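Please summarise the fold and the ligand surroundings of this model. Keep it brief.

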Amino acid sequence: MGRLSGKVAVITGGVSGIGRATVERFEAEGAKVVVGDIDDAAGAALANSYPGTVAFQHCDVMVEAQIEALMAFAVERFGALDILFNNAGAGGSYNTLAEMTGEAWDYSQNLLLRSVALGMRYALPHMKARGGGAIVNTASIAGTQAGAGPIAYSVAKAGVIHLTRVAAAEVARDGIRVNAICPGLILTNIFTPASMTTPDMASAIKAGMAQTAPDSQPIAKPGLPEDIANAALFFASEESAFVTGVHMLVDGGMFVGPRHSW
Ligand code: NAD
């Protein structure tokens, strides 16, 4: 407890899944947390559950002005910005190269990669004013190997990994660290028909995750949002003070084990 005492964090996509678990973890460790998300009703309810320590601000990470406003809101509401968890995302179009359209490509790059670059860009002035900070970006195992996700999604996530390195080098002398997490299969709402173009595939993945995990990864169970929140806490806290520019796989060993079969 208290590993983030006195810190102010912004978490995008903080209403559900990995983001929500991280909001709760950071709050429990003493941080003030601003949640940016497009789900206004659930966001307001989440903030109401933590009066005085969690605040919600509508933010569509596809919209540059809303990202800039989110960072400013954190400073206005809690007086500073120390930690940014660039986490918002959705599955996008689950299609192959042969099926892909330019529109599907642009959607994934904008939602998953451009958003992370702009999040960092608009957090920087506030972190520099504070004398340092920690940025954590959600990438994916799909950004590290072929066959673990749809093409536009996978390439955007690979971009997040390299963007993390480039940004880390740029801002290290400002006392700001930048790291990425690559989740494997984590049980969240991302595996719902609404976030995929093929509902059958969505339900098959969700229903089959528990059964397929033994074949797809050495640790034979799906991951939980809390598993990623723990990694985010490490990167956000002083325990990782000498770590920057890296990506950590939190995937039950999927990267080193046999591939899943969807
Ligand atoms: P989730 O659907 O439970 O949560 C995603 C959150 O992002 C939701 O609260 C949603 O409202 C929000 N969001 C979606 N589009 C947004 C936008 N344009 N602007 C702001 N907020 C938006 O999913 P999750 O699994 O917790 O996903 C979180 C991150 O983890 C994503 O970046 C995802 O790509 C990544 N990821 C997830 C898995 C997994 O297995 N669940 C694996 C690898 C990577």
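The report below covers the basis of the model, the sheet, the helices and the ligand shell.

## Basis

This is a predicted model: local features need pLDDT of at least 70, side-chain atom pairs count only at pLDDT 80 or more, and totals for chains, interfaces and linings use all residues. Residues are numbered from 1 along each chain as its sequence is written.

## Sheet

Seven strands form an open sheet in the order 3-2-1-4-5-6-7, with parallel pairing. Strand 3 (54-58) and strand 7 (247-250) are the edge strands, each pairing on one side only. From one strand to the next, the twist averages 20°. Strands (E, at least two residues) and helices (H or I, at least four) are DSSP runs, numbered from the N terminus. Two strands pair if DSSP finds at least two bridges between them.

Strand 1 (residues 8-12) and strand 2 (residues 32-37) run parallel, joined by five bridges. K32 in strand 2 is the bridge partner of V8.

## Helices

Helix 3 (residues 64-78) lies across strand 1, strand 2 and strand 3. Its angle to strand 2 is about 150°. Helix 1 lies across strand 1, strand 2, strand 3, strand 4 (83-86), strand 5 (133-138) and strand 6 (176-183). Helix 1 runs at about 170° to strand 1.

Contact means C-beta atoms, placed from the backbone, within 7 Å. Axes are lines fitted to C-alpha atoms, for helices over the stretch in contact, and angles run from 0 to 180 degrees between N-to-C directions.

## Ligand shell

The ligand has 27 residues around it, counted by a C-beta atom, placed from the backbone, within 6 Å. G13, S16, G17, G89 and T188 come nearest. Helix 1 (residues 17-28) gives the largest share of the shell, three residues.

The shell divides into 13 nonpolar, 11 polar and three charged residues. Ala, Val, Leu, Ile, Met, Phe, Trp, Tyr, Cys and Pro count as nonpolar, Asp, Glu, Lys and Arg as charged, and the others, Gly among them, as polar.

Technical notes. Two residues are in contact if their C-beta atoms, placed from the backbone, lie within 7 Å.
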